[in-house]
Amino acid sequence: MDAGTMKAIVAGLLAWLGTHSNYPPADQAPAIALVPHSYIEELACGARCDVLGVYPDGNIVYVDSALKPETNICARSVILHELVHYLQDRNERFINLPPVIRWHVRELEAYAFQRQYLQENGIKA
């Protein structure tokens, strides 16, 4: 997929989050790196796991290169999920919670937005 297509997908997902969340618009979008599944496993789990995307921190979201977000709404929702984490970090959301609770609450919020996005796009989630 070319960079322009990915930028358009990310811009659309951030716009969707802008209308469905209380997060202010991001002043810049993170880069999306399509990488082998094994790379994501190492970043997210340190071992084999079923993860499809990860936002470790900073300005890069890593997504499994087997996904086709340009044609698949479920793949696009994986990027949306990671963009929620990006916005959480940029806005220091849940920063005062203990780490284990913070991780859980962050995931709950990201999955809630992902589920809503899928439902609005005709996918029963």
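This tour proceeds through a predicted model, stop by stop, naming what to select and what is found there.

Local features are described where pLDDT is at least 70 and side-chain atom pairs where pLDDT is 80 or more, whereas totals for chains, interfaces and linings use all residues. Residues are numbered from 1 along each chain as its sequence is written, and side-chain values use heavy atoms, with hydrogens and water left out.

**Stop 1: helices H1 and H3**

Select residues 3-20, which form helix H1, and residues 73-90, which form helix H3. Helices (H or I, at least four residues) and strands (E, at least two) are DSSP runs, numbered from the N terminus. Two packed helices are described by the angle between their axes and the distance between the axes. Here the axes of H1 and H3 are 10 Å apart, and the packing angle is about 60 degrees. The axes are lines fitted to C-alpha atoms, for helices over the stretch in contact, and angles run from 0 to 180 degrees between N-to-C directions. H1 and H3 are therefore oblique to each other; angles under 35 degrees count as roughly parallel, over 145 as roughly antiparallel, 65 to 115 as roughly perpendicular and the rest as oblique.

The H1 and H3 crossing is right-handed. A crossing is right-handed if the near helix is turned clockwise from the far one by less than a right angle, and left-handed if anticlockwise.

Next, display the side chains of the contact. On H1, select Met6, Ile9, Val10, Leu13, Leu14, Trp16 and Leu17; on H3, select Arg76, Ile79, Leu80, Leu83, Val84 and Leu87. Contact means heavy atoms within 4.5 Å. The contact of H1 with H3 comprises 12 nonpolar residues, no polar ones and 1 charged. In this classification Ala, Val, Leu, Ile, Met, Phe, Trp, Tyr, Cys and Pro count as nonpolar, Asp, Glu, Lys and Arg as charged, and the others, Gly among them, as polar.

While H1 is displayed, select Thr5, which is found in this helix. Thr5 counts as partly exposed at 28% relative accessibility; buried means under 20% relative accessible area, exposed over 50%, and partly exposed in between (1.4 Å probe, protein chains only). Add Glu70: Thr5 and Glu70 are 65 residues apart in sequence, and their C-alpha atoms are 7.3 Å apart in space.

**Stop 2: helices H1 and H4**

Keep H1 and add helix H4, residues 99-120. The axes of H1 and H4 lie 12 Å apart, at an angle of about 105 degrees. H1 and H4 are therefore roughly perpendicular to each other. On the H1 side, select Leu13, Trp16, Leu17 and His20, which meet Phe113, Gln116, Tyr117 and Glu120 of H4. The contact of H1 with H4 divides into 5 nonpolar, 2 polar and 1 charged residues.

**Stop 3: His81 and Gln114**

Select His81 in helix H3. His81 is buried, with a relative accessible area of 4%. Leaving aside neighbours within four places in sequence, His81 is in contact with Glu107, Ala110, Tyr111 and Gln114.

Move to Gln114, which is placed in helix H4. Gln114 is buried, with a relative accessible area of 11%. Not counting residues up to four places away in sequence, Gln114 touches Ser77, Val78, Leu80 and His81. For a distance across the model, select Ala29 as well: the C-alpha atoms of Gln114 and Ala29 are separated by 18 Å, with their positions 85 residues apart along the chain.

**Stop 4: the loop between H3 and H4**

Most residues other than glycine have a negative phi, and most peptide bonds are trans. Select Glu92, in the loop between H3 and H4. Its phi is near 50 degrees, a positive value in a residue other than glycine. Glu92 is exposed, with a relative accessible area of 56%. In this loop between H3 and H4, select Phe94. The phi of Phe94 is near 65 degrees, again positive in a non-glycine residue. Phe94 counts as buried, at 19% relative accessibility.

**Stop 5: the cysteines**

Finally, select Cys45 and Cys49, which are joined by a disulfide with an S to S distance of 2.2 Å. A disulfide is a pair of cysteine sulfur atoms within 2.5 Å, and the structure holds 1. The torsion about the S-S bond of Cys45 and Cys49 is about 90 degrees, so the disulfide is right-handed. Cys45 counts as partly exposed at 41% relative accessibility, whereas Cys49 counts as buried at 17%. Cys74 is in no disulfide, and the nearest cysteine sulfur, that of Cys49, is 19 Å away. Cys74 is partly exposed, with a relative accessible area of 36%.
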